[in-house]
Structures are given as structure tokens and as C-alpha cells.
Amino acid sequence: MADGSCTTHEAPLQPATPASPGNALAAAMPRPPTQPPPPPADAAIGESSGGEQQPPRKLTLYGRLKKAAKDLKHEVLAIYYAMHDPRTPWLPKAIAFVILAYALSPLDLIPDFIPILGIIDDLILLPALLWLAIWLLPHGVMDEARQRAHVEPFRPGRNWLVATFIAGMWVACLEWLLWFLINRYGNAVLRQYQLEAMVGLGVVCAIAFWVWLAGKLVLLPC
């Protein structure tokens with residue numbers, strides 16, 4: 001009806017869709033909290049230790065002995081510089097020469113592969129000689145030698161002559177042991193071939209020494 005008034009048309013309201021029991025139950029349940037991404041491996045380690053670094057592993061007795069033997073290398077280099085000091089008398093020089101001759105030998109008096117006993121010479125013989133040489137040195141010479149060893153470190157060459165002498169001592173001990181066993185416990189046949197047995201032992205030891213020496217000298221980069 002045209003009476004001059006404006007009429008507005010409203011959209012009919014649609015009835016709300018009733019929620020299903022499953023949706024209502026899902027909406028009522030609390031949502032799990034969102035978990036942050038895992039921290040990096042190093043951060044996790046730091047947090048697990050309370051922000052502090054793990055304490056270092058304690059060395060065993062054998063490990064401490066080996067570390068003490070390695071620490072002597074710095075003193076050996078210092079005694080090398082002290083031996084060449086013009087203020088050093090002849091007696092400390094002679095003791096230092098013995099120390100260097102034995103310390104630079106690739107073959108020890110007691111082989112290192114023997115547990116505990118293999119480092120006795122490095123922990124008893126060398127420290128005793130070092131203490132004697134340092135005690136005989138003039139005041140201040142060893143301190144200057146230590147500083148020079150720290151500033152100018154180098155690795156002296158190996159002493160193969162002393163290694164040969166030590167090998168000869170081992171062979172002599174084995175020959176004496178064979179002679180003692182044959183004369184003490186051997187029968188008439190063994191005593192008859194005693195000389196041949198001792199010569200054979202010497203040949204075997206010589207071959208073993210030369211094979212060991214070849215492994216030390218020939219294994220070089222081409």
C-alpha cells in the first residue's frame with residue numbers, strides 16, 4: 001500500500017542447528033596446553049646440569065702415572081737447554097747427557113706395554129736423575145731453561161745408539177737365562193747343544209730387533 005511510508009524487509013531468522021552430543025562433549029573438554037619446541041641438545045645438557053659444566057672424569061691411578069710421565073717431557077727439554085748453558089758445570093752436563101740419551105731412546109729399559117712396570121723407569125729413574133741435575137745446576141739456570149723451553153719448543157731426534165745398547169742388554173739377559181736353565185735343569189743332550197741353542201736365540205733376537213727397527217725407520221711417507 002502506497003501511503004508514502006518506507007517499509008523495511010527483514011530476513012527471516014533461521015533456527016539454530018542443535019549441537020550434536022559429540023561436538024558438545026568435545027567443546028566441554030579442556031584443550032591440552034601447547035608444548036614448546038624441544039630445546040637444542042647443548043641447551044638441554046646445560047639445563048640438566050643446572051647451567052654448570054660437568055666435572056671432568058677422574059683419572060685412574062695408571063692414568064695419573066702416565067700423565068705424570070708425559071709431563072716429564074717438558075723438563076727433559078728444559079734440561080737440554082740447561083746443558084748448553086755456559087754457566088753449567090761439567091757434572092750436571094754429564095748427568096743431563098745421560099738423561100737426554102735415555103729419554104730420547106725409542107726403546108725403554110722396561111717396555112711400555114708392560115702395565116705399571118713399563119713406566120717405572122719414566123717415573124723413578126728419570127725424575128731421580130732430573131732432580132740430581134737440577135740440584136747441581138747454578139741458581140737461575142733451570143728457570144731460564146724452562147722459560148726457553150716454553151718459548152722455543154722443539155722435538156730432538158731419537159737416540160738409536162742407546163736403543164741398540166738397551167736391546168743388547170736384553171739379549172744378554174736372555175742368553176744368561178737360557179744358559180742357567182740348561183745347566184740347572186737340562187739333560188746331557190741339551191748341554192751338548194748348548195752353544196747352538198744360545199747362537200739360535202741370539203739370531204732370533206737380532207732378527208726381531210731389526211724388524212722392529214725397520215718398522216720405526218722405513219714407515220715414512222713416500
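This text leads through a predicted model of one protein chain, from its overall make-up to two helix pairs and selected residues.

The protein chain contains nine helices and zero strands. Read from the N terminus, its elements therefore follow the order α-α-α-α-α-α-α-α-α, helices being numbered from that end. Of the 222 residues in the protein chain, 21% count as buried. Among contacts with a separation of 6 or more, 72% join residues that lie 24 or more positions apart.

The pair formed by H4 and H5 may be taken up at this point. Helix H4 covers residues 90-103 and helix H5 covers residues 120-136; the two pack at an angle of about 155°, and their axes are 8 Å apart. Because angles over 145 degrees count as roughly antiparallel, H4 is roughly antiparallel to H5. The crossing in which H4 passes H5 is left-handed. On the H4 side, the contact is made by Leu91, Pro92, Ile95, Val98, Ile99, Tyr102 and Ala103. On the H5 side, the residues involved are Asp121, Leu125, Leu126, Leu129, Leu130, Leu132, Ala133 and Leu136. Sorted by class, this contact of H4 with H5 has 14 nonpolar residues, no polar residues and one charged residue. The charged residue is Asp121 of H5, because Asp belongs to the charged class.

The loop between H4 and H5 holds Pro111. Is Pro111 buried or exposed? Its relative accessibility is 18%, and Pro111 therefore counts as buried, since the limit for burial is under 20% relative accessible area. When neighbours within four places in sequence are left aside, Pro111 is in contact with Gly118 and Trp170. Trp170 belongs to helix H7, which spans residues 160-185. Pro111 can also be placed relative to Asp121, one of the H5 residues in the contact with H4. Pro111 and Asp121 are ten residues apart in sequence, and their C-alpha atoms are 9.5 Å apart in space.

Attention now turns to helix H9, which comprises residues 194-217. H9 has 24 residues and reaches 35 Å from its first C-alpha to its last, close to the 34 Å expected at 1.5 Å a residue. Which residues of H9 are buried? They are Gln194, Cys205, Phe209 and Leu213. The cover over the buried residues of H9 includes helix H7 (160-185) and helix H8 (188-192).

The packing of H7 and H9 can be described in similar terms. Their angle is about 155°, with the axes 10 Å apart, which means that H7 is roughly antiparallel to H9. H7 and H9 meet in a right-handed crossing. H7 contributes Trp160, Ala163, Thr164, Ala167, Val171, Leu174, Glu175, Leu178, Trp179, Ile182 and Asn183 to the meeting of the two helices. From H9 come Gln194, Ala197, Met198, Leu201, Gly202, Cys205, Phe209, Trp212, Leu213, Lys216 and Leu217. By class, the contact of H7 with H9 has 16 nonpolar, four polar and two charged residues.

A further residue of helix H9 is Leu195. With a relative accessible area of 61%, Leu195 is exposed, because exposure requires a value over 50%. Gln194, by contrast, is among the buried residues of H9. Leu195 and Trp179 are 16 residues apart along the chain, and their C-alpha atoms are separated by 9.0 Å. Trp179 is itself one of the H7 residues that meet H9.

How values were computed
Residues numbered from 1 in each chain as written. Predicted model: local features only at pLDDT ≥ 70, side-chain atom pairs only at ≥ 80, totals over all residues. Heavy atoms only, no water. Axes fitted to C-alpha atoms, helices over the stretch in contact; angles between N-to-C directions. Helix = DSSP H or I, 4+ residues; strand = E, 2+ residues; numbered from the N terminus. Parallel < 35°, antiparallel > 145°, perpendicular 65-115°, else oblique. Left-handed = near helix turned anticlockwise from the far one by under 90°. Contact = heavy atoms within 4.5 Å. Buried < 20%, exposed > 50% of the residue type's maximum accessible area, 1.4 Å probe, protein only. Expected span 1.5 Å × (residues − 1).
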